[in-house]
Amino acid sequence: MELNADFSERVIVHSDEVEWQASPMPGVDRRMLDRIGGEVARATTIVRYAPDSNFSAHTHTGGEEFIVLDGVFQDEHGDFPEGTYVRNPPTSSHTPRSEPGCTIFVKLWQFDLEDRTQFRKSMADELEAAVDGVASCTLHQDDRENVTYHHIEPGAAFTVTRPGGIELLVIEGALSEGKDSLRKGSWLRLPGGARLDAIAGDTGAKVWVKTGHLPFAKPPEV
């Protein structure tokens, strides 16, 4: 399966307009944003766990990165509430579940396969003082990518100029980007060489951003 698999193109998906699709596990549904591969895939997805649902134990051969958008994600490593950023590197394993239910934004098979660093962070706790209306923090950085989180005040400008492509998820609030309006759940991917110039809406915005990673995009090694 290929979905939004041409990384030289600009893509916007308003995830609330995408129908939920059932996963192999009852009670776990997903909205696919981009994908290369079948059930094992290089994928960017929003996944919803119904209350008291679970997923079978599995190993992340290509690594897993996710944000808890609402509820509480759980596994044998702990409870991960809304606003948590998690990196589970290649060869890590777990048995996901959620007693109260949750929604996560997850990326699979997008790691350096030699990466073994596993961690979790409360994104809001990492923020530094605002500059020109934007409070930011770095969640992760390596030779392949830079992952950041931002609180943008109402009407503030938000610019990203890093090379290697730009990917953005609006977690709360709204942004205008050129002629496009991005709202909660909107996902934007810009190709290498592109520049992001956005303005926060009347309620401001909270956004997750990844840059530099698109030159490494390829199918999973299976």
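Which residues lie nearest the centre of the largest pocket? They are E39, F55, H58, H60 and L108. The model is predicted: local features need pLDDT of at least 70, side-chain atom pairs count only at pLDDT 80 or more, and totals for chains, interfaces and linings use all residues. Residues are numbered from 1 along each chain as its sequence is written, and side-chain values use heavy atoms, with hydrogens and water left out.

**View 1. The largest pocket and its lining.** The largest pocket holds about 530 Å³ of space and is lined by 28 residues. Two or more lining residues come from each of β4 (28-37), β5 (41-49), β7 (58-60), β8 (64-75) and β13 (102-108). β5 gives the largest share, 5 residues. By class, the lining has 15 nonpolar, 9 polar and 4 charged residues. A pocket is an open set of points on a 1 Å grid over the protein atoms alone where a 1.4 Å probe fits, with protein on both sides within 12 Å along at least five of seven lines; lining residues have an atom within 4 Å of a point. A volume is the space filled by probe spheres set on the points, which are joined across faces, edges and corners. Strands are DSSP runs of E, at least two residues, numbered from the N terminus. Ala, Val, Leu, Ile, Met, Phe, Trp, Tyr, Cys and Pro count as nonpolar, Asp, Glu, Lys and Arg as charged, and the others, Gly among them, as polar.

**View 2. Strand β8 and its partners.** Of the 12 residues of β8, 9 are buried (under 20% relative accessible area, 1.4 Å probe, protein chains only), so β8 is largely enclosed by the rest of the structure. β8 pairs (at least two DSSP bridges) with β13 in the antiparallel sense over 7 bridges, and G71 stands opposite C102 there. C102 is buried at 2% relative accessible area. β8 also pairs antiparallel with β10 (84-88) over 4 bridges, where E65 stands opposite R87. A hairpin with 2 residues between the strands links β8 and β9; V72 stands opposite P81.

**View 3. The second largest pocket and the β15-β16 hairpin.** The second largest pocket holds about 370 Å³ and is lined by 19 residues, with V134, S136, H150, F158 and T159 nearest its centre. β15 (134-141) and β16 (146-152) are among the strands that each supply at least two lining residues. These two strands run antiparallel, joined by 7 bridges, and a hairpin connects them through 4 residues. C137 has Y149 of β16 as its bridge partner, and C137 is buried at 5% relative accessibility.

How values were computed:
Buried < 20%, exposed > 50% of the residue type's maximum accessible area, 1.4 Å probe, protein only.
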